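Visitor: Could you walk me through this model and tell me how each label is earned?
Guide: Gladly; please take a look at it before we start.

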Amino acid sequence: MNIHEYQAKELFSKFGVASPAGIVADTAEAAGAAARELGGAGLVVKAQVHAGGRGKGTFKNGFKGGVHVINTAEEAETIAGQMLGQTLVTHQTGPEGKLVSKVLIAKSVDIDKELYFAILFDRANSTHSIIASTEGGMNIEEVAEKTPEKITTVTLDPTLGLQPYQCRKLAAALGLRGKLMNQAVKLFSALWNLYSKSDCSQIEVNPLAVTKDGEVMALDAKFNFDDNALYRQKDVVAMRDTTEEDPREVAASEFGLNYIGLDGSIACLVNGAGLAMATMDIIKLHGGEPANFLDVGGGASKEQVSNAFKIILGDPNVKGILVNIFGGIMDCNVIAEGIVAAVQEVGLSLPLVVRLEGNNVDAGKKTLAESGLNLVSGDGLTDAASKIVKAVAA
Amino acid sequence: MAILVETDTRILVQGITGDFGSRHAKASLDYGTQLVAGVTPGKGGQFFEHNGHKVPVFDTVEEAARETGATVSAIFVPPPFAADAILECVDAGLDLAVAITEGIPVNDMIRVKAAMARKKTRLIGPNCPGVVTPGRGDKSHGGCRIGIAPGYIHKRGNVGVVSRSGTLTYEAVWQLTTRGYGQSTCVGIGGDPVNGTSHLDVLKLFNEDPETEAIIMIGEIGGTAEVEAGRWAAEHCKKPIAAFIAGATAPPGRRMGHAGAIVGGAEDTAEAKKRILRECGIAVADSPADMAQALLTVYKK
């Protein structure tokens, strides 16, 4: 789950992480009022979308740049008016771009030094770690490759978390001495508090800035949350913006399905995440391109299967469908009934190959046969994959 | 011999009265597993009845283990309570806790893993299909089935299977069984990024097990567990190994169903893992349909 910059700022302010003051606005008038409240001058107006490269982006109405420095409230209002309700295209949004429905008005700061500071889940060590670097504003992977000596890593104890001495060590490594060290320690502790209390799996502050006024501040941050913990993070869930997500994925999540949209032409409906991935792989191996990852899980109902099938059929890129079920827990007949129900409702003009194996497979095959559905049976994985690839190519 | 559990191992089920737990407790009883106790707090003293079986339910794992001699737990409790359920097994001194539960917060598992260090109890999972040591009866009846795998697809024999995914384990097992090759033990280590037992841990157990003659290892994108196991095997494993890595077509940065199945860097892609495993002398199948076939290229019986 991603969040907007203004939401990250709200989290920062709630947990006491220093960052430039800002106010979010969803109309041009509100943007003007926000700018007045922040003092009118020395401000930036920033389009709020889940994508990087906003500053260099272009709106579909021709307006250039999703980030503008402004010096009067009137200017803020005009600029916000050009952004709101418009679609911003950046190198990360794809050509379709993203609709801007909110702008952030924030104080712009004079930066003396840009640093990098991230807390992230450390899979190799089953804990969390901190990565800090003197090279702020840059891609950390690049820094790691070219100048690894400029990166400091601190692995946290799984039960103790970030300790004050570690904050001081990190501040020292970043060259933050004197008053800056105290500020940095406070900021790092607050950030850790936010990270652990909100069940984050990553907060990447880039840049962490030292301003010309001698303050340490988080200027921009990228958040990731542990999806498994969202049940106890109501405030985080409330920040979800489904208009930023793939509509197919939003629909799937409403039905409790595990779906990820891809660019290919062969849709697949599978039980189990491992088999779902492997099914995509085998489609590719036989010369096709998968249109999605879809795991209906082990305990899916007929309705879930039917909804899953409808989501697949609603994707205009899909030219054929492969259903691959190894019913361990999953009852093959439930899958069959779900498919039949969906097709009765929305019809089916695409080639469909079904491979059923396992639990109650005979009943499932009977249901499909008696439905009169125009489908091809796959006898095993290889047979099913090669049949659907051929059918789509034809 | 097999690994982790034998057909006479006595198991208990935490969450036996829940929908998920009861469904699979019944399937295990039907399979002939020595399922001797259930645990549901507040329902101690009741019985879980199925097809003539009468399994006592206890309030705590400690009581269940003491009264019935159970040494292994299958955990089916919902995610918010699962970490606590695992720790209860550790406290009761069980040999093995198998956590089937999917969706445990990573912070909970980080704390559990730290708390389990240097303790007697081994954890398999979470988010796993469980462990099966097939029986010697018809359709492998009489085996020890812990978790959610379909019992009937198995056959007792000499191939060890270890995997992060449930359905891919079933695929591999079915490919073996239909070719006449049985399994010693099938271990689903789970799809989460923080788990109790790794591919490497299971390879070591298979390597020491006289009944196991060959191994199928199934992995996926994300992390480096398969690579570590492969590098160890190249030096130390005396038995032929075949492998499959799922996720060659997965887009980077997206979580593919399993919380742990996400490509983060250059080394945890399917291609990188396959290349390294091949360098380690492992027979890697490019297609999930060829897992057993790949093993038979290196395992001659």
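Guide: What follows is a set of questions about contacts, charged pairs and empty spaces in a predicted model.

Visitor: Why is the pair D108(B) and R232(A) called a salt bridge?
Guide: The N to O distance between the side chains of D108(B) and R232(A) is 3.0 Å. The cut-off is 4 Å between a side-chain nitrogen of Lys or Arg and a carboxyl oxygen of Asp or Glu, so the pair qualifies. The count between chain B and chain A is 2 salt bridges.

Visitor: What makes E5(A) and K46(A) a salt bridge?
Guide: Their closest N and O atoms are 2.6 Å apart, and the limit is 4 Å, so this pair passes too. E5(A) belongs to helix α1 (residues 5-15) of chain A and K46(A) to strand β2 (residues 43-47) of chain A, so the pair ties together parts that are 41 residues apart in sequence. A search over all chains gives 29 salt bridges for the whole structure. Side chains of opposite charge can pair when their charged atoms come close.

Visitor: How do you know that chain B and chain A touch?
Guide: Contact asks for heavy atoms within 4.5 Å, and 52 residues from chain B and 43 residues from chain A take part. The two chains bury about 3,800 Å² between them, with 62% of it on carbon and sulfur atoms. There are also 11 residue pairs in polar contact between chain B and chain A, both residues being at pLDDT 80 or more.

Visitor: Which elements of chain B give two or more residues to the side that touches chain A?
Guide: They are α1 (19-31), α3 (79-91), α4 (106-116), α5 (166-178) and β13 (241-246) of chain B. The most comes from α4(B), with 7 residues. By class, this side of chain B has 28 nonpolar, 13 polar and 11 charged residues.

Visitor: What makes an empty space a cavity here, and how many of 30 Å³ or more are there?
Guide: A 1.4 Å probe must fit but be unable to get out, and the structure holds 2 cavities of 30 Å³ or more. The largest cavity has a volume of about 70 Å³. Among the residues that line it are P129(B), I146(B), H154(B), Y170(B) and C186(B). At least two lining residues each come from β8 (130-133), α5 and β11 (183-188) of chain B.

Visitor: Why is the lining of the largest cavity counted as having no charged residues?
Guide: Charged means Asp, Glu, Lys or Arg, and the lining of the largest cavity divides into 8 nonpolar, 4 polar and no charged.

Visitor: What makes 3 residues of the second largest cavity's lining charged?
Guide: That lining includes E5(A), K9(A) and D220(A), and Glu, Lys and Asp count as charged, so these residues fall in that class. The rest of the class count is 5 nonpolar and no polar. The second largest cavity has a volume of about 60 Å³, and α1(A) gives the largest share of its lining, 4 residues.

Visitor: Why is the space of about 360 Å³ called a pocket?
Guide: A pocket is an open set of points, whereas a cavity is one the probe cannot leave. This space is the second largest pocket. Of its 17 lining residues, the closest to its centre are A27(B), R145(B), P150(B), G151(B) and Y152(B). The most lining residues, 5, come from α1(B). By class, the lining of this pocket has 7 nonpolar, 5 polar and 5 charged residues.

Methods. Residues numbered from 1 in each chain as written. Chains lettered and ligands numbered in written order. Heavy atoms only, no water. Buried area = accessible area lost by both parts, 1.4 Å probe. Polar contact = N/O pair within 3.5 Å; in protein donor to acceptor, adjacent residues only side chain to side chain. 1 Å grid on protein atoms, 1.4 Å probe; cavity = no way out; pocket = protein on both sides within 12 Å on 5 of 7 lines; lining within 4 Å. Points joined across faces, edges and corners; volume = space filled by probe spheres on them.
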